[in-house]
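Biologist: I would like to learn how to read the places where chains meet in a model like this one. Could you take me through them step by step?

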Amino acid sequence: MRPDDANIAGNVHGGTVLKMIEEAGAIISTRHCNSGQGEPCVAALARVERTDFLSPMCIGEVANVSAEITYTSKHSVEVQVNVMSENILTGAKKVTNKATLWYVPLSLKNVNKVVEVPPIQYTHKEQEDEGRKRYEEQKLERLETKQRNGDVILPVINPDRQTKEPHTVGYSQSSLIHLVGPSDCTLLGFVHGGVTMKLMDEVAGIVAARHCKTNIVTASVDAINFHEKIKKGSVITISGRMTFTSNKSMEIEVFVDADPFVDEPQERYRAVSAFFTYVSLSKEGKPLPVPQLLTESEEEKRRFEEGKGRYLQTKAKRQAQMQQAAQH
Amino acid sequence: MRPDDANIAGNVHGGTVLKMIEEAGAIISTRHCNSGQGEPCVAALARVERTDFLSPMCIGEVANVSAEITYTSKHSVEVQVNVMSENILTGAKKVTNKATLWYVPLSLKNVNKVVEVPPIQYTHKEQEDEGRKRYEEQKLERLETKQRNGDVILPVINPDRQTKEPHTVGYSQSSLIHLVGPSDCTLLGFVHGGVTMKLMDEVAGIVAARHCKTNIVTASVDAINFHEKIKKGSVITISGRMTFTSNKSMEIEVFVDADPFVDEPQERYRAVSAFFTYVSLSKEGKPLPVPQLLTESEEEKRRFEEGKGRYLQTKAKRQAQMQQAAQH
Amino acid sequence: MRPDDANIAGNVHGGTVLKMIEEAGAIISTRHCNSGQGEPCVAALARVERTDFLSPMCIGEVANVSAEITYTSKHSVEVQVNVMSENILTGAKKVTNKATLWYVPLSLKNVNKVVEVPPIQYTHKEQEDEGRKRYEEQKLERLETKQRNGDVILPVINPDRQTKEPHTVGYSQSSLIHLVGPSDCTLLGFVHGGVTMKLMDEVAGIVAARHCKTNIVTASVDAINFHEKIKKGSVITISGRMTFTSNKSMEIEVFVDADPFVDEPQERYRAVSAFFTYVSLSKEGKPLPVPQLLTESEEEKRRFEEGKGRYLQTKAKRQAQMQQAAQH
C-alpha cells in the first residue's frame, strides 16, 4: 500500500480496497468463463454483496487478496474474495474484508451477448443448494433495485457554506466529475466495476469529512448493483449526500450518472447507486461521536427514517449472527 | 490532493492544477459541441490564456474545479475555469486559479476536420460583444506566436555543473523526455493539453529548483498556444531554460518538441512553448530573494531584456486592475 | 521521484529505476530503428545484462537517465543506460546504475516479423569488435537460459506462517497477480519490459522483507532474458522464492508466468525469470546481517548451493575488476 492509496492519517481508502477486490474477482471469473469450449469473453461485474471493513489497512502494509468461485448459474458466476493486511516487518496479519461478487461473461466479439458459464464441481450437494439460494435472492433484489432507481440529484461540486447551516444535508452534499480514460476500462472498453466503486468511495469520504471535520474511514458498503455499462470516453458524475446518522456512524447515498457525450446521441443515465457507511476516528484511532444530521425537507426526513431502518436491520442481523456463533 | 501531486514541502504542483483545469475544460466543451445535430467530435485545446496561481494548495485538501462556457465562435469555444482549494477539516476555502481556455472541436471520424460549434445564448448583448473582442485578440496572438516559433534548444538532461558557473543559464537548463502512452491521450489518440502542461511545469520546476536550491512554487503561466497535435506513440522532449529573474521571481521558457518516431516518417517539430514564472519560498512559506541570473552570451542578454519587458508589463497591468477595482 | 516510487524508509524501489532505464532504452532504440528506410517498427526488450544498484535514490531527488546505442547487429540493438540521482537542493549527484539492454525491432504491421536494424558508425574498429563479442556472448546465454526454463512454482499469495518455520523458503515465498492493462503496453499491445521488471522487483522485495523484517533495498539484478511476449489482457503471476543468503545479502528467484486467458486458447507459459539480490539496512542506512535461509528439501539445498556459486563468481569478478582498476 502506497502513500497515494491512503488518507492523511495513513488509513488506506475503502475505495482502494474495493478496487483490488474487484480486480481479483474479474480475473478469476474471466479465467473460469474462458476455460470451456465457449467463445472468448470478459466477465463484467453485475453486483457486489454488502461488505464490511473489519479493520483498517495502513501505508506500507501488504494486502493479500484471495478469490474463489463458489457458485455458477447458467449465465453468472459468484466469487468469494478475502482480503488480509500484513505488516511484513512484524508479521502481524488481520482480516480486513470478506466480499461476495457476481459476474456475467460478455462475448468479446459482441458485448451485448451473454456467454454460457462452464459449471463448477461442488464437493457437497449442500454447497450447490446454498449457492442456488443466494443466486435467487440476489436476482430478486437486482430486479427490485432496477425499479427504485433513485431520484435525480443535481451535482454539487462545492457545497454552499454561506447559505447552508452546518450538519444539514446540503452543507456536505458533494460531487466528482470524471472523464473515463483507457486505463479505467476492461478489454471490452467498459469501465471496471472497481474503478467506479473507488470513485464512489471518494465522494462518500468527502461528504463524511465535510460533515464531521475529522479523520473518517469506510465502515461498510451496502449491496451495489451495476445495471448499466459505462463506455470509454463517457463523462461520469458521482454525487453523494448524507441520508442518516447514528451516534457513531453516518450513511451516505452515492449515485453514478453517465453521460456518453461523444459518438452516440444518448441521454444521461443512472448507472449505479449505493449506500456507504462511515465512522469518525480520533487521532488515536478511537471512534468519535458523529454530529446528528439536520434534516430540513420532508424528503430528507423520509430518507433519514429509511436509513434508520437499514441501520437497525443490519444491527439486528449482526446480533443474530453473534448469538449463532456463540452457540456453536 | 494526494502525496504524489505535491512537492516535498507539501505544495501541490502547478502542473497538477493545470491538468485538472484542462480536464474540466475538455469535458464541458466536448459536451457542448456534441449537443447539437452535428457529427460526433472531441474538443482539442487550442490556447490557454495567462493564468495566475493565487494561493498554494496542499496535500489532503479537496480541489473544486468549476467550468462555464463564456463564448462560442463558429469553430471555437471559450471556457472559464475556476479552482478553489478546500480544507475539509477546517472548512477553509481559497480561490487558487482562474483560467480561460479555447477549444476547437475535431471530428471523431476525421481528426483533420473542424466541426461547427452550436452557438450559446447570452443574457446580455455586451457579453457577446466582449467575447468577440477576446476571440479576435487571441486569434491575432495565436497567428503571431506561430511565426515566432522559438529557436531550437538542445535537450539537456543533466546540466554540466563542473564546467558551468552557478546561476548561469546553462547551469540550470534541463529537459525531460516522455514516451506518449495511451493514458496520456484523448479518444482521438492525441495528447491531452493538460498532460503536456503538467510536464512543462515539471521541467520549469526543476530549472527553478536548480537555480535557487530552495522550495519553489509556480506563480503564473503566460498564454500557451497549442499549434500542433501530438500523437500517441510519439516521444516528446520538454526543455526549459531560465530567461529572467526579478528580486523575487524567475521566468523560465519551456519548449515541447515532438518526435513521431514510428509509423510515419516526419521531422521533429515544435509543438508548444510557454513562459512559466516561479517564486522561491522559505520553510515558513514566505517569499525569498532569488539569486540574479548570470547572462553570458548576447542571446541570453537579449532574452533577459525581453523577460524584463514582460515582467514590467504584467506589473503595470496588475496595478491598473487594482486601481480600477479600488475605484468601484 | 515521488512518494509512491519509494518504500516507507524513503528509498526509491529498484523496480522504479529499472522501469525508467527500460523506457529510455525503448525510446532510443525505436528511434534508431525507424531512422532508416525500413518499415515502421517498435523496439521490444530482449535482454537486460546484470545490473548493480550502486547507491540508493530518495524521494524528492531528480533521476537523470541517459542512453546511448553502443552496438547494432542485423536484428538487434545494444543500449547503454546510465542513471544518476541528483539532489537539486544541495546539487549533490551520485551514479546509481549502469545498465546494458538488448532490443529487437518488431514490425508495426506484423508483430512476428523482426525488422533490419540500420548500422551505426563506430569511431574505432575495436568498438565494433568488442560489441560483436558482447553480442555473441549474450546470444549464447539467451539460448542456454531458454532451455533451463525453471521449474513450475505454485503462486503463494499469503505464506502460511502457522505451519512454516521462520527463515524457511516456504515462509517468505510470495506472489503477485496482475491484469495487464492498456497503460502497461507498447504501441504493439505487448507489455513494456520495464513494467514486468518493476513487478518482479516488487515481489522480490516482499520476499526479502518477509524474511528479514527490516528495511530492504535492491542491490543487483542478474541478467534477464525476455523469451516470450505478454499480450494486453493477459493475467500474469509473478512468484518469488529465496534461494540463497550470504552474511549480508539474499538472492531471490523470480518467475513471470503469463495466462492469455481471453481471445486465444493458449496454455500458461513462463515468460521471464531472474535472480534479484537484496540487502537489509538499519534505520541509519547501514547494512545489517541477514538471517540464514533454512533449507528443508533436497531441491532447496541444491538451489542454495547454486546461489552460493553465483555469489562467489560475482564476488571474484568484482575483485578482479577492482585489481584491474587499481593497476591502471
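What follows is a conversation about two interfaces and one annotated domain.

Modeller: Please keep in mind from the start that this is a predicted model, and let us begin with the interface of chain A and chain C.

Biologist: How many residues does the contact take from chain A and from chain C?

Modeller: One begins by listing the residues on each side, and here the contact takes 27 residues from chain A and 27 residues from chain C. The area buried between these two chains is about 2,300 Å², and carbon and sulfur atoms give 61% of that area. On the side of chain A, the residues that lose the most area to chain C are Arg2(A), Arg31(A) and Leu89(A), which together make up 24% of what that side buries.

Biologist: Which side chains meet in a salt bridge there?

Modeller: A salt bridge pairs a side-chain nitrogen of Lys or Arg with a carboxyl oxygen of Asp or Glu within 4 Å. Between chain A and chain C the count is three salt bridges, and in one of the salt bridges Arg31(A) meets Asp259(C) at 3.0 Å, N to O. The count of residue pairs in polar contact between chain A and chain C, both at pLDDT 80 or more, is five.

Biologist: Which elements of chain A each supply at least two residues of the side that touches chain C?

Modeller: Here one goes from single residues to helices and strands: helix H1 (14–33), strand S1 (41–48), strand S3 (62–72) and strand S4 (77–86) of chain A each supply at least two residues. The largest share, four residues, comes from H1(A). By residue class, this side of chain A divides into 14 nonpolar, seven polar and six charged residues.

Biologist: What does UniProt list for chain A?

Modeller: An unreviewed UniProt entry lists "domain: HotDog ACOT-type" for residues 1–109 and 170–284 of chain A. In the model, residues 1–109 of chain A are 18% helix and 42% strand, with the end C-alpha atoms 36 Å apart.

Biologist: How many residues of chain C are in contact with chain B?

Modeller: The reading goes in the order used before: 27 residues of chain C are in contact with 27 residues of chain B, and about 2,300 Å² is buried between these chains, with 61% of it on carbon and sulfur atoms. Three salt bridges are found across the interface of chain C and chain B, and the side chains of Arg2(C) and Glu202(B) meet in a salt bridge at 2.8 Å, N to O. On the side of chain C that touches chain B, H1(C) gives the most, with four residues.

Definitions and conventions:
Residues numbered from 1 in each chain as written. Chains lettered and ligands numbered in written order. Predicted model: local features only at pLDDT ≥ 70, side-chain atom pairs only at ≥ 80, totals over all residues. Heavy atoms only, no water. Contact = heavy atoms within 4.5 Å. Buried area = accessible area lost by both parts, 1.4 Å probe. Polar contact = N/O pair within 3.5 Å; in protein donor to acceptor, adjacent residues only side chain to side chain. Nonpolar A, V, L, I, M, F, W, Y, C, P; charged D, E, K, R; others polar. UniProt positions renumbered as here; feature names shortened; annotations may be inferred.
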